[in-house]
Amino acid sequence: MSQRQVFNVFEQYQKARVQFVQMVAELANKPQNIEILQNAGVISLLRPLLLDVVPSVQQTAALALGRLANYNEDLAEAIVKDNILPQLVYSMTEQNRFYKKAAAFVFRAVSKHSPQLAQAVVDCGALGILVICLEDFDPGVKEAAAWALGYISRHNAELSQAVVDEGAVPLLVLCIQEPEIALKRVAASVLSDIAKHCPELAHAVVDAGAIPHLAQMIVSPNAKLKCQVLSALSQIAKHCVDLAEMVVEAEIFPVVLTCLKDKDDDVKRNGSILVREIAKHSPELSQLIVNRGGVAAVIDCISSCKGSIRLPGIMMLGYVAAHSENLAMAVIISKGVPQLSICLSEEPEDHIKAATAWSLGQIGRHTSEHAKAVAVTNTLPVLLSLYMAAESSEDLQVKCEKSMKNILQKCTHVPALEPLLHDAPPNILVLPHDSKARRFFVTSGGLKKIQQIKAEPGSLLQEYINKINNCYPEEIVRYYSPGFSDALLQRVDSYQPPTN
Amino acid sequence: MATLARLQARSSFLRSQYYFRNRVVDVFRKKEYDAAVKIQSWFRGCQVRAYIRHLHKIAIIIQKWWRGFLGRKMYQLVVKVAYYTMKMNLYNAMAVRIQKVWRGYRIRKYCFNYFYLKEYLRAVSETNEAIRETLEEFAEMQEREEKKANLEREEKKRDYQARKMHYLLSTAQIPGIYNSPFRTEPDPWELQLQKAKPLVHPRPQVKQMYSPSLTDWLACTSAHSFPQSKFLPPITRKKCQGPFRDINEVLEQRYKPLEPTLRVAEPFNHLKLSREELRRKEWVQNVNDKMFLPFSSYHKNEKYIPSMHSSSKYGPDSCGEQHFRSENPKKWICDKDFQTVLPSFDLFSKYGKSYSKAGQII
């Protein structure tokens, strides 16, 4: 009887503990409860339960802490201040996989808020144990650990360097090769986070042999995995030519283009980011992309989506066209310009418009043919109106002005220029500086057209015409003005030959 | 002497004459002197001038020749330089012409080759077309696959629905609702129902406090994350009403591991197995695979295989065993034999002789 009573007490205590941690973990799921829990001092209560004799209580306590830390930065800071992290690190070594998972979740939740908190996680020696967890048998543990490492390395280069120094990269590369999709995804995103900071870290990732495995997974049917893989590759490729070439050498090329046709928008976006990062480095890489038909795919991709998804594609066209005349011509014959002009007119956001304007400027600045190709799609008036519009941002105005100047300096296509004359201040600025442009302007009959415009004297247009006329010698202006031949004939009529 | 005398006789006259004459001349003497000086100076001046003129003439001749010589020399040089300059100008012009043509050719051929560029652009547009087509196909294929998957999913759902509604199937006696007698033909659902297997009632699952499945545990999103630990007594389980034993005891009894008796636990062919085991162990420890067997008859049928060294056609070679040098002294490089530096071991020289008499050292 007495033994039973004693057992009863223990049983009740255990039951109460389990119930408590479970309830707290459940309550912490809902944001509205969190403040109440915090005020009730839940963290100091959960802390001793992390050292409980019953593993499930420990796990659930860790889970509850993770959820609390996930909610906001203050709670995460409170957890760091309460010295809970070293406790977790200490107990993580000899615990089972569920506990490891929960502890990794706490680390992740704490480190996601700010670099300082992530640094605190690193300082308490969590990296070593997380890296050991990457070698665990259980894919869930690996995934949780990789996720935590990803949140730590996301913040800045020092933290990433710490993760790399701990030797996480080769293990992450092994994780990519696991069959579980979720694990692959998390590992790819961690690699992307590590590689994004600086060329050295990207080199570390490349040295671990990540590129071939990443390149293989581009074809995987899972959209989210594809998304992360493409992002990792683009983060690697973005730093320098060598890395970009290494990415290209993994034979990603025709395969990446299928991602541009994907149904998922993120995949499309990351695919075009990857293409852009490769194209921006050197003319050779751009040429390679053009030869593989990448430009056409990107243009199709731009046409099939909206908003910020098409932004990298637009920039990629600009980068390709900026490298050389021939590449710009390739963009033009791939029907890139009409697409860009559609983007320019239909996109609502200023930064996308600015990027489009820049790309158009890069395409049109090479020769008169390029400029004509841009001009015939009727983009110049749109650019001008954007430049003149009061609600355009400063950046957009600057970009519009620059690209218009670039295009107009080479432009000899009069029909396209004509509408501009009615309301164009910036293009006049071009003429006085460039004698070649002046000559073109005269020989192509632009000046004649100007003289034919009938403007009321004193109007703004008349002023502009006068300004243009001032750029040329008087005889030429007179020669091109409409009444000149009549005036000449009249002078012949009225001329009296001097009699001897 | 007469002469002398005559002269002496005339001497006074002569003296006066001399005086007289000198006095007369004295008047003109200065004038004459001056005139003579003048004449002399004029003459000498003429003479010297003529000489100088002569010298000048000669100097001019020399200078003329010398200057002519220098001039000709200089002229040759100038001509050479002019010729050289002209030549260089010509060469430069020609080089420019060659360079012009070559550069134009090269740039047209390799950099701005219009036809090549045209060809390249055509090729690029072709590639673009091809890529567009391929991507189009790819997208179509994907769409088709997705459609197929959707259809399958729907089919499955319909099947499940049919299985669930299997009780609406018409029987021989009662037509079901899909098999109305007022219709000419039954509803397609009727056929579906006929094909479907009736769904069995799922057994009501015992509600567990913890979800045992952990595979879907990701991001700690589900509320019930952890399974009950095996080692813990199930405190959530309610005690049954009635005069039953304690649940722990019952569970212990229920999940007691199998405890076989000694008779069952031990195999019946234990001896054989242990022998087998012993043999295996011995085999592992053996260095030689061939068993050493003491009986001479065991090896009787085995043929002796001589070693390659001794079975040579040319007889065994004793070099390296008994001697280390050619036995023919003519083949030695020097005619002296090797000298022993260290004294030999006595014991070794008695080798083979010393132990002859039943172990006694002689």
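## Reading a helical chain and a surface patch

Author: Let's start in chain B of this predicted model: B:Phe20 sits in helix α1, which covers residues 2-111.

Reader: Is B:Phe20 buried, partly exposed or exposed?

Author: Relative accessible area settles that kind of call. B:Phe20 comes out at 47%, so the residue is partly exposed.

Reader: And which residues make up the nonpolar patch on the surface?

Author: For a patch, look at neighbouring nonpolar side chains as a group. Here B:Phe20 joins B:Tyr19, B:Val24 and B:Val25, and together they have about 380 Å² of accessible area.

Reader: Over to chain A. How many helices and strands does chain A have?

Author: Chain A has 35 helices and zero strands. Of its 500 residues, 54% count as buried.

Reader: What share of the chain A contacts between residues at least 6 apart joins residues at least 24 apart?

Author: That share tells you about sequence separation. In chain A, 71% of those contacts link residues at least 24 apart. As for the outside, chain A exposes about 22,400 Å², with 52% of that supplied by carbon and sulfur atoms.

Reader: How many disulfides does the whole structure have?

Author: A disulfide is a covalent bond that ties together the sulfur atoms of two cysteines. A search over all chains finds zero.

Reader: Why does A:Cys343 not bond with A:Cys305?

Author: Check the sulfur distance against the 2.5 Å cut-off. The closest cysteine sulfur to that of A:Cys343 is in A:Cys305, 8.3 Å away, so it's too far for a bond.

Reader: Are A:Cys343 and A:Cys175 buried or exposed?

Author: A:Cys343 is buried, at 0% relative accessible area, and A:Cys175 is buried too, at 1%.

Methods:
Residues are numbered from 1 along each chain as its sequence is written. Chains are lettered from A and ligands numbered from 1 in the order in which they are written. This is a predicted model: local features need pLDDT of at least 70, side-chain atom pairs count only at pLDDT 80 or more; totals for chains, interfaces and linings use all residues. Side-chain values use heavy atoms; hydrogens and water are left out. Buried means under 20% relative accessible area, exposed over 50%, partly exposed in between (1.4 Å probe, protein chains only). Helices (H or I, at least four residues) and strands (E, at least two) are DSSP runs, numbered from the N terminus. Contact means heavy atoms within 4.5 Å. Accessible areas come from the Shrake-Rupley method with a 1.4 Å probe; for residues, only the protein chains shown count as cover. Patches are made of residues with over 30% relative accessible area and no salt bridge: like charges are joined within 9 Å, nonpolar side chains (Val, Leu, Ile, Met, Phe, Trp, Tyr) within 5 Å. A salt bridge is a side-chain nitrogen of Lys or Arg within 4 Å of a carboxyl oxygen of Asp or Glu.
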